[in-house]
Amino acid sequence: MASQPIPIPWPASSAPGARPQESAGRIINGYAEPLGDGGPAKVVWRRGPGLTKFATSGYTGYRGGALVGNLVYMAFSGKLVTVDSAGTVTLVGTLAGTKPVTFARNNLTPTPNVCCVTENGAFLVTPTTIVAWADPDLPQPNSVCFQDSYFFWTIGDRRAFASDVNAVTVNSLSFTTIQSRSSDTLYRCIPYSGLVFFFCSSSTEVYQDAGAAVAYPAFPYTRVAVIDRGLLGPNAIAGFEDGFGKLYWVADDFGVYRFNSFTPEKVSPPDLDRLIAAVSDKTT
């Protein structure tokens, strides 16, 4: 007797389930694309695009990077390097630490200032130097971003500082306090859609440029919204970088969200929420 073929149940999305017997399968290094009612099948499965090697640093413990002009600054464990358009890796110097870093650059011409914030503080970096941020009016920050000619830094005590216009100087009065939740920890500042989002552990505050309505040296932005969803960890966010245009973050309830105006819109299925919840160290 001829055996009957058994079709392979390819999933239309990754659905590992809470337990193995519930799994509908996972898609790894690929994705399902619907073909529509007129197609030969409802779904086609495509392989994910691969990568080609552009440069090899020789260092380990990648911590973050940023494109500035024709150079990419890349932080590794204890080191900072640059990579040019030909793939040439050049050691800048020692950048102590192993945790992820944040970079920002301003609009100073002809050469912008570049700030790197690590677990050891803020640093002004160039293709050949790394120096501690010189202005004593800036407390030790935990992240940096740039918007509308200002550097913004977040402090663990929920203060946010702004630099002078396209400068490395900081006035001691140019700060605000993120205060909608007294129990919050301020994790990250993110420039997005002409605004600055200050992500805390259980809420997010949105600020916009106040322009001439605020006289120097006061903080140059004012609050326009409070969002009742926070950020799970300092690095659990993406999409604000040039060329993306959609902000996604992992929130304090383990779900992945994007914004619909100022309303958080959940985009992750329960399977992904469970996988995120199972991560032991959320700072990673």
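Visitor: Is Y73 buried or exposed?

Guide: Keep in mind that this is a predicted model. Buried means under 20% relative accessible area. Y73 has 3% relative accessibility, so Y73 counts as buried.

Visitor: Which ring does Y73 pair with?

Guide: In general, you describe a pair of aromatic rings by the distance of the centres and the angle of the planes. Here, Y73 pairs with F103, with the centres 6.4 Å apart and 35° between the planes, which makes the pair tilted. Y73 sits in strand β4 (residues 71–76) and F103 in strand β7 (residues 102–105), so the pair links parts of the chain 30 residues apart. F103 is buried too, at 14% relative accessible area.

Visitor: What about F152 and Y221, how do their planes meet?

Guide: That pair is edge-to-face: 65° between the planes and 4.9 Å centre to centre. F152 belongs to strand β12 and Y221 to strand β18 (residues 221–227), 69 residues apart in the chain. Both F152 and Y221 are buried.

Visitor: Which cluster do those two rings belong to?

Guide: Ring pairs join F152 and Y221 with Y150, F198, Y207 and F219 into one cluster. Across the structure, there are 22 aromatic pairs.

Visitor: Now the sheets. In what order do the strands around β12 lie?

Guide: To read an open sheet, look at which strands pair on one side only: those are the edges. The order here is β11-β12-β13-β14, four strands with antiparallel pairing. The edge strands are β11 (143–147) and β14 (170–177). From one strand to the next, the twist averages 30°.

Visitor: How many bridges hold β12 to β13?

Guide: Three bridges join β12 (residues 150–154) to β13 (residues 159–163), and the two run antiparallel. For a spot to look at, find T154, which stands opposite A160 in β13.

Visitor: And which sheet contains β4, the strand with Y73?

Guide: That one is also open, with four strands in the order β3-β4-β5-β6 and antiparallel pairing. β3 (64–68) and β6 (89–94) each have a single partner strand, so one side of each is left without a neighbour in the sheet. The twist in this sheet averages 20° from one strand to the next. Five bridges join β5 (residues 79–83) to β6, and L80 has G93 in β6 as its bridge partner.

Visitor: Last one: which residues make the nonpolar patch on the surface?

Guide: I8, W10 and W45, with about 390 Å² of accessible area together. Exposed means over 50% relative accessible area. I8 counts as exposed because its relative accessibility is 60%. You'll find I8 in the segment before β1 (30–34).

Note on methods. Residues numbered from 1 in each chain as written. Predicted model: local features only at pLDDT ≥ 70, side-chain atom pairs only at ≥ 80, totals over all residues. Heavy atoms only, no water. Patch = residues over 30% accessible without salt bridge, like charges linked within 9 Å, V, L, I, M, F, W, Y side chains within 5 Å. Areas by Shrake-Rupley, 256 points an atom, 1.4 Å probe, with all protein chains shown as cover. Salt bridge = Lys/Arg side-chain N within 4 Å of Asp/Glu carboxyl O. Buried < 20%, exposed > 50% of the residue type's maximum accessible area, 1.4 Å probe, protein only. Pairing = 2+ DSSP bridges. Axes fitted to C-alpha atoms, helices over the stretch in contact; angles between N-to-C directions. Phe/Tyr/Trp six-rings, centres within 6.5 Å; stacked < 30°, edge-to-face > 60°.
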